[in-house]
Amino acid sequence: MSEEAVVERPTTVNLAEEYEASGVREVLEDLDRELIGLSPVKLRIRETAALLLVDKARREMGLSQETPTLHMSFTGNPGTGKTTVARMMAGLLHRLGYVRKGHLVSVTRDDLVGQYIGHTAPKTKEVLKKAMGGVLFIDEAYYLYKPDNERDYGQEAIEILLQVMENNRDDLVVIMAGYADRMDKFFSANPGFRSRIAHHIDFPDYTDGELLRISQTMLDGQNYALDDGAEAAMQEYIAKRRAQPHFANARSIRNALDRARLRQANRLFTEANGPLDSTALSTITEDDIRASRVFSGGLDVDKAPMQEAAE
Ligand SMILES: Nc1ncnc2c1ncn2[C@@H]1O[C@H](COP(=O)(O)OP(=O)(O)OP(=O)(O)O)[C@@H](O)[C@H]1O
């Protein structure tokens with residue numbers, strides 16, 4: 001008698017119970033609650049979670065043996081939530097038992113590729129070692145491939161990644177992220193990646209209304225709030241900022257709010273001459289928003305590293 005024949009297998013599965021017991025419901029609720037907008041992304045994640053739950057049940061019943069391909073690509077503009085969703089995806093895969101630890105290691109080309117001969121393989125392998133048991137998130141993955149330079153060390157990293165994505169499918173999930181058009185070109189030039197990636201999720205830009213809600217959620221999380229004047233100013237800020245260079249969706253909002261809090265603190269210092277209550281300490285006013293250079297049109301594109309000064 002083969003060993004397979006004596007394995008006791010369940011004859012039925014209760015998916016609703018599995019959904020609760022695995023903690024998948026919690027992750028999906030966090031996703032819904034913590035992230036504004038992104039409904040197509042949220043739908044794709046719910047579908048993927050369902051697929052993985054069913055797949056797990058099928059394997060437990062002996063209906064399939066294969067580990068499904070879980071590598072993914074997340075495409076979209078900067079600041080659209082790709083890293084944040086990847087972190088939640090890592091938690092989801094962990095709860096479903098697809099990865100041992102469920103952590104996220106986020107890297108770019110510089111973390112994988114060395115500057116000198118012989119440096120790339122150890123660098124890439126070190127990153128892979130750290131990511132094993134979790135998710136490796138490669139931001140702007142297309143920079144690994146430089147077609148105009150035949151001897152670019154990126155190729156070495158690509159080969160190692162392809163090998164590991166095939167051989168360690170049961171312990172490492174790779175998510176490649178970046179602009180949709182560049183990613184498409186990258187996959188066309190490197191079909192090995194395309195064939196190893198099963199799930200493609202596209203992240204849309206946020207609307208102005210969503211960015212306003214994101215700013216309110218971000219402030220709320222830090223016990224700050226916009227007063228009415230500040231809310232109107234923020235609305236204008238968003239429309240203006242979107243039209244300027246280096247706009248990065250929710251990340252631009254986070255940067256703008258960091259600066260607004262800085263201005264609020266300065267204002268409190270210079271204006272206040274008596275005790276301040278918690279409302280004063282927590283309120284962002286119209287002036288705190290309008291003092292941004294975005295309103296005076298003073299953006300100097302050549303000063304990219306100083307970009308934030310414009311926000
Ligand atoms: N839908 C959202 N609701 C609330 N906060 C969000 C949302 N999307 C993104 N954020 C916040 O915006 C910031 C940028 O998001 P994130 O780093 O996930 O974007 P990204 O697409 O990975 O950007 P990049 O590729 O440029 O690094 C984070 O601070 C994140 O918490």
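Tutor: Let's start with a cut-off: angles over 145 degrees between two axes count as roughly antiparallel. Keep in mind that the model here is predicted.

Student: Why are α3 and α4 called roughly antiparallel to each other?

Tutor: The axes of α3 (residues 24-34) and α4 (residues 39-60) cross at roughly 175°. That angle is over 145, so the two helices count as roughly antiparallel. Their axes also come within 11 Å.

Student: Which residues in α3 and α4 meet?

Tutor: From α3 there are Val24, Leu28, Leu31 and Asp32, and they meet Lys42, Ile45, Arg46, Ala49 and Leu53 of α4. This contact is made up of 6 nonpolar and 3 charged residues, with no polar ones.

Student: What makes Asn223 count as exposed?

Tutor: A residue is exposed if 12 or fewer other C-beta atoms lie within 10 Å of its own. Asn223 has 9 such neighbours, so Asn223 counts as exposed. You'll find Asn223 in the loop between α11 (208-221) and β6 (225-226). Asn223 is not a glycine, yet its phi is positive, about 60°.

Student: And why is Glu140 called partly exposed?

Tutor: Partly exposed lies between the exposed limit of 12 or fewer and the buried limit of 20 or more. Glu140 has 16 C-beta neighbours inside 10 Å, so Glu140 counts as partly exposed. Glu140 sits in the loop between β3 (135-139) and α8 (154-167), and its phi is positive at about 50°, although Glu140 is not a glycine.

Notes. Residues numbered from 1 in each chain as written. Predicted model: local features only at pLDDT ≥ 70, side-chain atom pairs only at ≥ 80, totals over all residues. Helix = DSSP H or I, 4+ residues; strand = E, 2+ residues; numbered from the N terminus. Axes fitted to C-alpha atoms, helices over the stretch in contact; angles between N-to-C directions. Parallel < 35°, antiparallel > 145°, perpendicular 65-115°, else oblique. Contact = placed C-beta atoms within 7 Å. Nonpolar A, V, L, I, M, F, W, Y, C, P; charged D, E, K, R; others polar.
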